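Me: I have a structure to go through and I'm new to it. Can we take it piece by piece?

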Amino acid sequence: MVRWTRRFLVGLALTVGSVAMLFPLWWMLVISLESPQRAAAAAEGGGSIAVWPKDIHWSNYPEALRQIGTEPWQGFLDALANSIVITVLVVVGTVLSSSLVGLAFARMTFRGRGPLFLLMLATMMLPAQVTMIPLFLVFRSLGWIDTILPLVVPAFFGSAFFIFMYRQFIAQISESLIEAARIDGYGMLGIWWRIILPMCTPVTAITAIFTFIFVWNDFLGPLIYLHSDDQSTLALALNSFRNQYGGLENVHLLMAVSVVTMIPCVVLFFAAQRTFVEGIGRGAVKG
Amino acid sequence: MAQVRLESIGKTYPGGVRAVDGVSILIEDGEFIVLVGPSGCGKSTTLRMIAGLEAITDGEIRIGDRRVNDVAARDRDIAMVFQDYALYPHMTVGRNLSFGLLRRRQYSSRLRSLLSGSYRANRRKETGAISDRVARAADVLGLGDLLDRHPRELSGGQRQRVALGRAIVRDPSVFLLDEPLSNLDAKLRGEMRTELRRLHRQLGATMVHVTHDQEEAMTLGDRLVVMKDGIVQQCGPPVELYREPVNRFVASFIGTPEMNFLEGVIEEGGVFTSGSVRIELPKGRWPSVSVGQQVTLGVRPEHLERVADSDAMFTGEAEVVEQLGDRTDVILVNGNHRMTARIASGSGLREGDSASLRADLSQAHLFAVDDGENRIATK
């Protein structure tokens with residue numbers, strides 16, 4: 001009886017917590033499908049709470065997306081393409097560079113390995129705001145302002161947190177696997193590509209998902225470095241849209257753009273959920 | 001296949017630990033040699049130096065006619081089987097077997113064939129040749145049905161066979177086996193020993209096997225190399241090491257149960273005395289021993305027989321009686337002395353009973369106490 005009561009209370013607490021977490025997302029989805037009047041009333045607080053749309057207005061979506069930027073549709077398509085290019089390059093760059101550096105720290109013996117690793121870890125303590133201005137000056141001197149290079153190139157130099165994760169994971173891999181591959185004729189790069197990287201799938205999933213979510217939703221980076229309309233990312237476009245159509249009468253459109261911006265992250269998370277959770281668990285136990 | 005020559009090789013780790021010291025062995029073409037010794041004796045380090053996984057501090061290693069001290073592991077034409085199998089977990093058995101071969105395809109010839117337009121045909125030919133070799137290796141080891149499985153789906157014995165297959169498929173000059181049976185249970189270990197012997201016969205390969213299990217070493221090796229503290233103690237055929245161990249360490253390491261040792265002194269009339277134990281040594285068998293010399297008498301358990309009290313060399317109380325079916329191992333205790341005897345089963349001896357033993361002194365050994373515990377020569 002006590003067991004059942006405990007299970008019930010735990011279930012209740014989890015349900016309440018889940019509802020509290022998910023309600024804003026659900027509310028965003030509902031408002032995005034409401035009529036302009038009901039959406040505005042709900043947002044103002046004077047109308048219904050809008051837990052379910054009265055009439056589903058799918059037309060809110062094309063209408064909202066068409067109005068992004070100066071040219072109909074063009075602004076949205078440009079922002080989408082830019083976001084995809086930047087995110088994919090940063091994800092690929094982070095996975096490749098972090099795993100390679102992680103392998104070096106885990107398996108290669110070189111002078112100063114320990115101090116270098118500590119120095120690398122120490123960079124995690126630096127807030128982004130500290131490096132923002134020096135980095136801007138460096139990128140400006142390189143002539144990279146208003147290009148995607150400042151957002152993409154640093155990813156190919158590794159990320160301290162993910163290097164740490166890869167290093168911890170690779171350190172668990174049996175040395176004999178690496179030696180077997182050496183005897184099979186592979187050098188360190190071949191071993192990294194053919195043995196280590198495929199075995200690091202859980203860490204790669206975490207790295208890819210975290211990086212994807214961060215870069216896809218990143219507002220500050222693109223705001224600093226991208227100035228032209230045709231260079232804008234979805235996060236920047238969403239902000240411009242909010243400035244342009246931020247009134248309560250257009251809240252349904254704002255929510256529609258917000259939902260579209262959020263969809264890739266949600267889809268990616270559910271697609272990679274199993275590997276992701278496995279990786280988190282592994283890191284927790286062995287890391 | 002190739003001859004392997006180790007000439008005074010040594011290994012000193014940073015910090016000054018000398019793991020291997022002046023090891024010289026000539027491993028003949030097609031020979032199955034076993035490096036055996038306790039943990040930390042340097043046997044695995046020696047093997048890894050042959051493989052090229054460990055740098056050599058001094059000495060020279062030759063595989064065939066080639067000096068390989070500075071040759072990378074991948075260019076030594078060796079294959080190694082690891083203690084934990086080292087199968088690539090994300091690859092199927094078939095892919096594990098072909099992995100090394102795929103790497104060894106000649107890039108220069110591939111480039112030439114690409115330029116000459118025969119790339120596809122050559123690639124098909126290469127892939128076909130690799131598939132044939134994988135199929136042959138799988139056939140030899142009975143892995144045909146497992147080629148599409150991943151290592152996690154295999155039993156310990158199957159994984160071991162895949163690890164062997166990965167070595168066989170490469171057709172190397174030398175096979176290096178680093179305690180490949182130690183992760184298997186006793187029954188599988190026995191089966192795999194037989195399998196290894198069969199493979200060695202079938203392939204006629206030069207094999208260097210490392211183990212700490214002397215029984216495994218005795219059953220597998222054409223010759224054994226017993227090591228201790230990085231130094232070769234004795235190298236020879238198993239029976240030679242069993243019958244004529246050069247020192248007390250080899251005598252104690254080879255043979256199960258371990259040889260019995262009695263430390264004592266030679267007295268007038270060639271009588272060996274150790275406390276209350278007095279044994280008259282055969283006249284002239286050890287001509288170099290002298291009266292008053294401190295020696296250790298070594299007698300193997302199987303060279304002791306149970307006798308009547310009047311004929312006894314050693315009498316004691318049975319502390320442990322292990323019934324092994326076809327024979328019985330008994331540990332007799334008398335004061336500070338402890339003797340293990342292997343006697344016929346059905347003797348009716350029980351723990352706590354008194355028993356008398358007599359040694360076959362023609363098979364016994366004397367070891368000098370003051371001379372590195374080396375065996376004293378017999379006539």
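Me: What do the side chains of R170(B) and D184(A) meet in?
Reply: They meet in a salt bridge, with 3.2 Å from N to O. A salt bridge here is a side-chain nitrogen of Lys or Arg within 4 Å of a carboxyl oxygen of Asp or Glu.

Me: Where do the two residues sit?
Reply: The pair crosses between chains. R170(B) is in the loop between α5 and β7 (174-178) of chain B, and D184(A) is in the loop between α9 and α10 (188-199) of chain A. Helices (H or I, at least four residues) and strands (E, at least two) are DSSP runs, numbered from the N terminus.

Me: What should I know about the model and the numbering?
Reply: The model is predicted: local features need pLDDT of at least 70, side-chain atom pairs count only at pLDDT 80 or more, and totals for chains, interfaces and linings use all residues. Residues are numbered from 1 along each chain as its sequence is written, chains are lettered from A and ligands numbered from 1 in the order in which they are written, and side-chain values use heavy atoms, leaving out hydrogens and water.

Me: How many salt bridges are there between chain B and chain A?
Reply: There are 2 between these chains. Over all chains, the search of the whole structure finds 22.

Me: And how many residues does each chain bring to the contact?
Reply: Chain B brings 23 residues and chain A brings 16, where contact means heavy atoms within 4.5 Å. The two chains bury about 1,700 Å² between them, 59% of it on carbon and sulfur atoms. Buried area is the accessible area (1.4 Å probe) that two parts lose on being put together, summed over both.

Me: Which residues of chain B lose the most area to chain A?
Reply: Y88(B), H90(B) and F99(B), which together account for 29% of what that side buries.

Me: How many residue pairs are in polar contact there?
Reply: 10 pairs between chain B and chain A, both residues at pLDDT 80 or more. A polar contact is a pair of N or O atoms within 3.5 Å; within protein, one must be able to donate a hydrogen and the other to accept it, and residues adjacent in sequence count only if both atoms are side-chain atoms. On the side of chain B that touches chain A, α1 (43-51), β6 (78-81) and α2 (93-103) each supply at least two residues.

Me: Switching topic: how many cavities of 30 Å³ or more are there?
Reply: The search of the whole structure finds 2. On a 1 Å grid over the protein atoms alone, a cavity is a set of points where a 1.4 Å probe fits but cannot get out, while a pocket is an open set with protein on both sides within 12 Å along at least five of seven lines; lining residues have an atom within 4 Å of a point. Grid points are joined across faces, edges and corners, and a volume is the space filled by probe spheres set on the points.

Me: What lines the largest cavity?
Reply: Its lining includes D184(A) and R170(B), along with A180(A), I183(A) and M80(B). The space in the largest cavity is about 60 Å³.

Me: And the largest pocket, what volume does it have?
Reply: About 1,200 Å³. The largest pocket is lined by 38 residues, with A128(A), T131(A), L135(A), P154(A) and F214(A) nearest its centre.
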